[in-house]
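Take a look at the structure below. We will walk through some backbone details first, then turn to what is packed inside.

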Amino acid sequence: MRLRSLLLLVIAVVVTGGLCHAGWAQSPTYGLGKTPTAEEIRAWDIAISPTGKELPPGSGTAKEGAPLYAQKCAACHGATGSGGRAPELIRSESTTPAPGKQPPCLSPCIRGANVMAIHSPYATTIWDYINRGMPFSKEETLKPNEVYALTAFLLYKSGVIPEDQVVDAQSLPQIKMPNRDGYVLPEWKHGMPRPFPNKP
Amino acid sequence: MDSKKAGRRKFLKGGAAVAAMGAIQSATGQTPVPAKRSLKDEIAYGERSHFVTSVRVPVLERPSPDEFGLTFHVLTPLQDSVGIITPSSLHFVGTHRGAIVPEIDPGEYRFLIHGMVDRPLEFTLEELKRFPSVSRIHFLECLGNRGKPEHKTVQQTTGLTSCSEWTGVPLSLLLKEVGVQKGASWVVSEGSEEVKGAGSIELAKAMDDCIVAYGQNGEPLRPQNGFPVRLIVPGFEGIYNTKWLRRMKVVDRYYMTYNDYGHISKDPKVAALTFQWGPKSVITFPSGGQKLPGHGVYQITGLAWSGGGAVRKVDISTDGGHTWKDAEIRGEVHRMAHTRFGMNWKWEGQECVLMSRCTDELGQVQPTRAQVAKVFNVPPDYYHNHGVPGSDNTIVPWRVATDGSVYNALA
């Protein structure tokens, strides 16, 4: 009798345990978290692809960007885009350090060309960063037109685009950057060693 | 009157006892100090001994905080470390542009996963904690961790690495929860500090062993290390371990964010030396700035780690790399984690150069700068004054002078 009830108990545990397990497997989710609305996602989503697909409507030119730069950027980055307390934004021969005389290499670690408009393979990086991170302590206060205009100004001053080029969601990703082909991406695989040097 | 006398005698006796105790205390170097904190505070949250003075310092190259009030890079005092865990208070701090640590109310915290997924979802911290958790010991190391000749101590050469037990939800579990769509190949993670620093990692890594972490060494993350939630990408450069994680977007390409563009290289040989750290180690004792008090037996000890997995072996050389001996692994070995090694060593007053060399589970061996120079076709001493390509996992040698003083042998 006692043995039988114990057996029944064991069977019951095994069966319900099995059912529970099957239940987990069939259920695709833990059911945790809230589904955001499309508007909520749009409000969060400030990452701009090199294709520019997330860029908002609006436009700007270098001419429009010049007074904005003077007003919102020059205090930290310098009137000419270099020599300020904040990183260099516009390359000039007089401020380009000689080889071996570069500032200490903490990231972003771009020796001799640590100017976004020169080094970034895509103009979208500039738009994205101004939009998310500038001006310091007043981040995300710039309107899309202002971000387009400032991006155009930096690209013009760095010799990438003409002064009158209209920069918008369509034209920005098309801008041929000087360092467009300046990178390769290694493919990462689990358990993959570095290629070298790996011999004592 | 009698009672008064008795009281005075008692007082005198007591005084003698106190004086005697005082004598014993000073004989053992123990001086009583008035408690600075209330007993209530002492009970609530313990403090280390005031005799222990090990602290972090800013990197040599950049003030921290700078004139904008931004924190850059602050170094862990590896010379004082024992075992493999870095106390959370001494964990290095690295920020990309420099950042002001954001104040995030854990009750208001939200983490959004969206992009190329079937079910975009937004989680509260409480909801993240309702998922099954993992706790794993991993190092975190900044790409800026590069020994230079002007560095005097191991804190300066190598202090941008630390190791903690991280607790959180496997990222792969959350990604399965939202249902990653076909064609997705990268994820972009984003923090909530003022620049909302973002970085791209391959989906393969995101699905492999990353952790959406809320715990560090048995308690919530420290604010400087991402409170309330950060990403842990085991073995990868520090910058991908997004602090104050607020969003992850599943995408079909490298997004070339501000953080990303600083790390790119045109040379495939260099590009292959980024993302995942190579095998690395450093001797923490004896190391630069320390002094051996006399001849005799010492323990050479240090830390080894690798982005490629577990440390398999550490060799130590006491003759500048001419001969090598197996070090003992002293403690547990975890994948992508600091591993403590050591070796008995008798110093007899000779000048010598000490080096350690890590071999990991993939058979990768930590190189010298001269070996890297050979690969990149530059003179053997070229990288003494230039950063090596990619992340720097080269050997840092220490020179012991005849008076026992220890110096950076790169100098």
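Start in the loop between strand 11 (230-232) and strand 12 (245-251) of chain B, where B:Trp244 lies. Keep in mind that this is a predicted model. B:Trp244 is not a glycine, yet its phi is positive, at about 50°. Is B:Trp244 buried or exposed? There are 24 other C-beta atoms within 10 Å of B:Trp244, so it is buried; the cut-off for that is 20 or more.

Now pass along strand 12. The loop between strand 12 and helix 7 (258-261) of chain B holds B:Met256. B:Met256 has a positive phi of about 50° and is not a glycine. It counts as buried because it has 21 C-beta neighbours inside 10 Å.

A glycine comes next. B:Gly179 takes a positive phi of about 75°, just after helix 5 of chain B.

Helix 5 itself spans residues 171-178 of chain B. Which of its residues are buried? They are B:Leu171, B:Leu174, B:Leu175, B:Glu177 and B:Val178. Seen down the axis of helix 5 of chain B, these buried residues fall within an arc of 155°, so they line one face of the helix. Several elements of chain B help to cover the buried residues of helix 5. Among them are strand 3 (110-115), strand 4 (121-124) and strand 6 (161-170). Helix 6 (203-206) and strand 9 (211-216) of chain B are also included.

B:Val212 leads into the core. Not counting residues up to four places away in sequence, B:Val212 touches B:Leu171 and B:Leu174. Its other contacts are B:Leu128, B:Gly168, B:Val169, B:Val229, B:Leu231 and B:Leu245. The largest nonpolar core has 91 residues, and within it A:Ala152 and B:Val212 touch the most other members. Helix 7 (residues 144-157) of chain A gives this core its largest share, nine residues. Another core, of 31 residues, lies apart from it. Its members include B:Val282, B:Leu303, B:Met343 and B:Val396. In soluble globular proteins, nonpolar side chains tend to be buried together.

Two cis peptide bonds complete the tour. In chain A, the bond joining A:Met134 and A:Pro135 is cis, with omega about -10°. A:Pro135 lies in the loop between helix 6 (124-133) and helix 7 of chain A. In chain B, the peptide bond from B:Phe285 to B:Pro286 is cis, with omega near -5°. B:Pro286 lies in the loop between strand 13 (280-285) and strand 14 (296-305) of chain B.

Conventions
Residues are numbered from 1 along each chain as its sequence is written. Chains are lettered from A and ligands numbered from 1 in the order in which they are written. This is a predicted model: local features need pLDDT of at least 70, side-chain atom pairs count only at pLDDT 80 or more; totals for chains, interfaces and linings use all residues. A nonpolar core is a set of buried Ala, Val, Leu, Ile, Met, Phe, Trp, Tyr and Cys residues joined through C-beta atoms within 7 Å. A residue is buried if 20 or more other C-beta atoms lie within 10 Å of its own, exposed if 12 or fewer, and partly exposed in between; C-beta atoms are placed from the backbone. Helices (H or I, at least four residues) and strands (E, at least two) are DSSP runs, numbered from the N terminus. Two residues are in contact if their C-beta atoms, placed from the backbone, lie within 7 Å. The arc is that of the directions from the helix axis to the C-beta atoms.
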